[in-house]
Amino acid sequence: MKRILFFTILFFIGFATHANAQAIDTLPNFSVHFLNKNKVQISWINPYPDCNQLVVQRSYDSIKFFTSIFSAQSPELQQNGFVDNQFTPGVKVFYRIFYVLKDGHYFFTASKSPANGIATNANASPATNNNDDNTHNNTKTKDAVIMYRIFNRDRDSLLYMLEPQDFKHFKDSVYANSKDTLTMLANYEVLLKRYVPKIVWKPSIYVFTNNKGYVTIALPDVKKHEYHLKFFNDKNELMFQMNNIQEKYLVVDKSNFLQAGWYFFELYEDHHLKEKNKFYLEKEF
């Protein structure tokens with residue numbers, strides 16, 4: 001009888017320990033602890049196979065100013081973790097996890113510090129992106145937090161998560177100080193399209209084709225400098241080179257170029273690269 005009672009007690013102790021570990025590690029809870037003085041490990045168990053995005057965030061304030069430091073490539077994994085190698089000893093730091101489910105609902109965990117691994121803002125319960133009756137872990141969401149999620153052009157990376165007031169400043173700054181554009185999507189999602197200027201080709205003033213289609217070389221101060229010129233085809237293969245050019249103005253024979261198209265060159269002045277550019281030969285030869 002005593003033996004049976006002993007194993008029964010062990011069973012309940014093991015069960016309680018396992019349940020406690022689950023309560024600590026399973027989202028929306030997670031574990032955070034030091035690996036050494038410069039590294040912090042954040043780990044979690046994910047009970048949601050439909051999770052399609054999971055981001056670890058860091059802040060030096062337990063409630064605000066969180067920045068994303070890790071985005072899981074496989075957010076649906078049941079167990080995962082991340083090591084923060086940028087931790088500064090002696091500085092108070094907090095972590096939280098932001099994750100999105102397939103149905104579009106997203107959640108924030110409470111923030112935790114590696115000093116004790118305990119949630120520091122108990123009121124920061126997971127928040128959905130709407131105010132309906134949807135629940136998380138069978139518990140109605142309280143204190144819903146609206147956050148704008150800003151993605152890059154291809155939507156493969158979450159760039160920022162901003163509260164409404166911060167988003168307003170961000171939007172004003174983008175429109176006032178850049179040519180980037182913001183496109184509003186559903187559920188407070190925003191697409192940030194970076195402005196990429198088109199590269200306009202500018203012909204060289206030293207190596208160019210004249211109005212008759214001949215490759216022309218015009219060099220300044222040939223008596224004072226030593227010039228070398230290398231010509232390449234469109235496969236970046238060296239075709240030929242001209243060393244120690246003494247003429248201020250000369251025309252390269254067309255026979256050196258076997259076909260029409262783009263050709264590239266490198267002009268060196270006193271053994272230093274002066275210009276790297278290209279020119280185009282028409283089909284009229």
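1. Asn 244 is found in the loop that runs between strand S17 (238–242) and S18. In this predicted model, the phi of Asn 244 is near 50°, a positive value in a residue other than glycine. Asn 244 counts as partly exposed, because its relative accessibility of 39% falls between the 20% limit for buried residues and the 50% limit for exposed ones.

2. A second backbone feature of this kind concerns Asp 221. Asp 221 is not a glycine, yet its phi is positive, at about 50°. The residue belongs to the loop between S15 and S16, and with 43% relative accessibility Asp 221 counts as partly exposed.

3. The peptide bond that leads from Leu 27 to Pro 28 deserves inspection. This bond is cis, and its omega is near 15°. Pro 28 is located in the loop connecting helix H1 (2–25) with strand S1 (31–36).

4. Strand S18 also takes part in a sheet. Three strands, in the order S14-S15-S18, make up an open sheet with antiparallel pairing. Strand S14 (207–209) and strand S18 (249–252) occupy the edges; each has a single partner strand, and therefore one side of each lacks a neighbour in the sheet. On average, and with direction ignored, neighbouring strands of this sheet are turned by 30° against each other.

5. Which residue of S15 is the bridge partner of Phe 208? S14 and strand S15 (residues 215–218) run antiparallel and are joined by three bridges. The partner of Phe 208 in S15 is Thr 216.

6. A nonpolar patch on the surface is formed by Trp 201, Trp 262, Phe 264 and Tyr 280, whose accessible area together is about 360 Å². Trp 201 is placed in the loop between strand S13 (189–193) and S14. With a relative accessible area of 37%, Trp 201 is partly exposed; this residue can belong to the patch because membership requires over 30% relative accessible area.

7. Aromatic contacts are the next topic. Over the whole structure, a search finds 17 aromatic pairs. One of them consists of Phe 231 and Phe 257: the ring centres are 5.7 Å apart and the planes stand at 80°, so this pair is edge-to-face. The contact links distant parts of the chain, 26 residues apart, with Phe 231 in strand S16 (residues 227–232) and Phe 257 in the loop between S18 and strand S19 (261–269).

8. Are Phe 231 and Phe 257 buried or exposed? Phe 231 has a relative accessible area of 0% and is buried. Phe 257, at 3% relative accessibility, counts as buried. Both residues belong to one aromatic cluster, which is formed by Phe 231, Phe 240, Phe 257, Tyr 263, Phe 265 and Phe 279.

9. Side chains of opposite charge can pair when their charged atoms come close. The structure holds five salt bridges. One of them is formed by Asp 172 with Lys 168, where the closest N and O atoms are 3.3 Å apart. The two residues lie in helix H2 (residues 164–177), and because Asp 172 and Lys 168 are four residues apart there, about one helical turn separates them. Asp 172 is partly exposed, with a relative accessible area of 37%, and Lys 168 is likewise partly exposed, with a value of 43%.

10. A salt bridge also joins Glu 266 to Lys 276, with the closest N and O atoms 3.9 Å apart. Glu 266 lies in strand S19 and Lys 276 in strand S20 (residues 272–281), so the contact ties together parts that are 10 residues apart in sequence. The two ends differ in their surroundings: Glu 266 counts as buried at 13% relative accessibility, whereas Lys 276 is exposed, with a relative accessible area of 60%. The N to O distance of 3.9 Å qualifies because the limit for a salt bridge is 4 Å.

11. The side chains of Glu 269 and Lys 274 meet in a further salt bridge, at 3.5 Å from N to O. Glu 269 is buried, with a relative accessible area of 19%; this value is to be read with the cut-off in mind, since buried means under 20%. Lys 274, at 32% relative accessibility, counts as partly exposed.

Note on methods: Residues numbered from 1 in each chain as written. Predicted model: local features only at pLDDT ≥ 70, side-chain atom pairs only at ≥ 80, totals over all residues. Heavy atoms only, no water. Pairing = 2+ DSSP bridges. Axes fitted to C-alpha atoms, helices over the stretch in contact; angles between N-to-C directions. Patch = residues over 30% accessible without salt bridge, like charges linked within 9 Å, V, L, I, M, F, W, Y side chains within 5 Å. Areas by Shrake-Rupley, 256 points an atom, 1.4 Å probe, with all protein chains shown as cover. Buried < 20%, exposed > 50% of the residue type's maximum accessible area, 1.4 Å probe, protein only. Phe/Tyr/Trp six-rings, centres within 6.5 Å; stacked < 30°, edge-to-face > 60°.
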